[in-house]
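Reader: I would like a close look at one part of this model. Please take a single residue, place it in its chain, and then work outwards to the partner chain. Keep it brisk.

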Amino acid sequence: MKTKESTNEAEFLEQVNQSQGIIHKVCRLYCDDEEHRKDLFQEILINLWKSYHTYRGEAQFSSWMYRVALNVAIQDFRKVKKRKLLVLEAYEFSEQVDPTPPAEMESEKFRAMHQAIGQLDKLDKAIVLLHLDGHRNEEIGQIVGITTNYVRVKMNRIKIKLSKKLKS
Amino acid sequence: MELLELQATWQLFNDNVIKNDFVEPTIIGNSIHQKSKSEISSIKRSMHYKFIIGTVTMLIGLGMTAAMYFAPDFNPLSNFLSHSESLGFYIIITLALGAMIAVNHRAYKQIKQLNESVSNLKQGLSNFTRSMRKAMNFNIYSDALMSPVFITWIYYTYAFKNQAIGWDVRSLVLFVLPVAIGLFSYYFQRYAQHLKFGRYVSRLEGYLQSLEENSEKV
């Protein structure tokens, strides 16, 4: 006979499995190397599981996942010693770990994208990730905890920053 | 690359993530039961150990105080201290540990709650930075409290082995020592905590401030 906890865990794993792309995207944007990416991936999963009891199905599971994943990524703290070792750029890391590396043109585009987004602070990264993933300003505002108007203002500023970086 | 192209690249990036990063459900299942490696979790674990060790020590201290109070012949520190001195030692240690445990418990509870709740990023930042400040303060004040107590008692044990407290340099040192060690521990720990977490917490507080200030302006 299945216990309540094992049913919960099975449900949780099924839902997370369907939306695991969210966690991977957050990890790719917030981490510089594979070790850090693995640690953050695990950390997000642990936090999702620990707080799963708070998910009541009112919001979409993916929005709830974004909240947890972005909170963990923003609050993530690594000791300076470890951080000093992280000199690889995002695209180099991506090429190293990809079993099937993207085509050269795509790789170049990824590099430019990572470099442009990489210059943003952690909070702006969260907003741009949500925006690029097709969330409406209202949803972004709810996840970040700011007004829809301010999301618009923030996005305009971020676009200027990104545009400058992309042109250069 | 222009902004519109960025959106298109994001789609390619999505495909790339699905193709290369997706893991088996069993890996996800195993990951959720593993020990967290985050700094906040290690702070929580260390607070948990401190709480257990502190509680056990406080209970021993409390037991010793009670035993010494009800049995005047009982003095486990008879080699160094008289009966009343030992009683004073145990009372001070028990009270200091009690205060430390209470502060520890409050900070620990807040951090535990933080791990198990989901809020928006602004609220999350606010709760997190508050918890971190509490944990840092706990480390600062527990050290500033416990170090003078222990060191002053050690000094007292040796300096007043065959001599009572009077108007002399030794007695003066007895009163100056806890203040000096307390201040030194406080500033040293404050510096150490700032070095370890200060910049990181300040940066998060900066994010929070930018969200709060600008939300008001809009």
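Author: Start with the chain that holds the residue. Chain B has six helices and zero strands. Along the sequence its pattern reads α-α-α-α-α-α. The radius of gyration of chain B is 26 Å, while the globule rule gives 17 Å for 218 residues, so chain B is more spread out than a compact globule. Its C-alpha atoms fill a box of roughly 85 × 45 × 30 Å along the principal axes. Of the 218 residues of chain B, 24% count as buried. Consider next the contacts in chain B between residues at least 6 apart in sequence: 76% of them join residues at least 24 apart.

A word on confidence. This is a predicted model. It scores ipTM 0.78 and pTM 0.79. The mean pLDDT of chain B is 86, and 96% of its residues reach 70 or more. Where pLDDT is low, the predicted coordinates should not be read in detail.

Now the residue. Phe128(B) sits in helix H5 of chain B, which covers residues 121-159. Is Phe128(B) buried or exposed? Phe128(B) has 23 other C-beta atoms within 10 Å. The cut-off for buried is 20 or more, so Phe128(B) is buried. Which residues does Phe128(B) touch, leaving aside its neighbours within four places in sequence? They are Gln75(A), Leu114(B) and Leu204(B). The list includes a residue of chain A, Gln75(A). Ile111(B) is 17 residues away from Phe128(B) along the chain, and their C-alpha atoms are separated by 7.8 Å.

The contact with Gln75(A) leads to the partner chain. Across the interface, 54 residues of chain A are in contact with 46 residues of chain B. Several helices of chain A give two or more residues to that side, among them H1 (4-18), H2 (20-30), H3 (34-50) and H4 (61-75). H7 (104-118), H8, H9 (137-144) and H10 (148-167) of chain A also belong to that set. The largest share, eight residues, comes from H3(A). By class, the side of chain A that touches chain B has 25 nonpolar, 16 polar and 13 charged residues.

Three of these helices deserve a closer look: H8(A), H9(A) and H10(A). H8(A) spans residues 122-132. Its buried residues include Leu123(A), Lys125(A), Ala126(A) and Ile127(A). Val128(A), Leu129(A) and Leu130(A) in H8(A) are buried as well. After H8(A) comes Gly134(A), with a positive phi near 90°.

How do the helices pack? The axes of H8(A) and H10(A) come within 10 Å and cross at roughly 100°. H8(A) and H10(A) are therefore roughly perpendicular to each other. From H8(A), Asp124(A), Ile127(A), Val128(A) and His131(A) take part. They meet Val151(A), Lys154(A), Met155(A) and Ile158(A) in H10(A). The residues of this contact divide into five nonpolar, one polar and two charged.

H9(A) also packs on H10(A), at an angle of about 100° with the axes 8 Å apart. That makes H9(A) roughly perpendicular to H10(A). H9(A) brings Asn137(A), Glu138(A), Ile140(A) and Gly141(A) to the contact, and H10(A) brings Thr148(A), Val151(A) and Arg152(A). This contact has two nonpolar, three polar and two charged residues. Val151(A) of H10(A) thus meets H8(A) and takes part in the contact with H9(A).

Definitions and conventions:
Residues numbered from 1 in each chain as written. Chains lettered and ligands numbered in written order. Predicted model: local features only at pLDDT ≥ 70, side-chain atom pairs only at ≥ 80, totals over all residues. Buried ≥ 20, exposed ≤ 12 C-beta atoms within 10 Å, placed from the backbone. Helix = DSSP H or I, 4+ residues; strand = E, 2+ residues; numbered from the N terminus. pLDDT = per-residue confidence, 0-100. Contact = placed C-beta atoms within 7 Å. Nonpolar A, V, L, I, M, F, W, Y, C, P; charged D, E, K, R; others polar. Rg over C-alpha atoms; globule rule 2.2 N^0.38 Å. Axes fitted to C-alpha atoms, helices over the stretch in contact; angles between N-to-C directions. Parallel < 35°, antiparallel > 145°, perpendicular 65-115°, else oblique.
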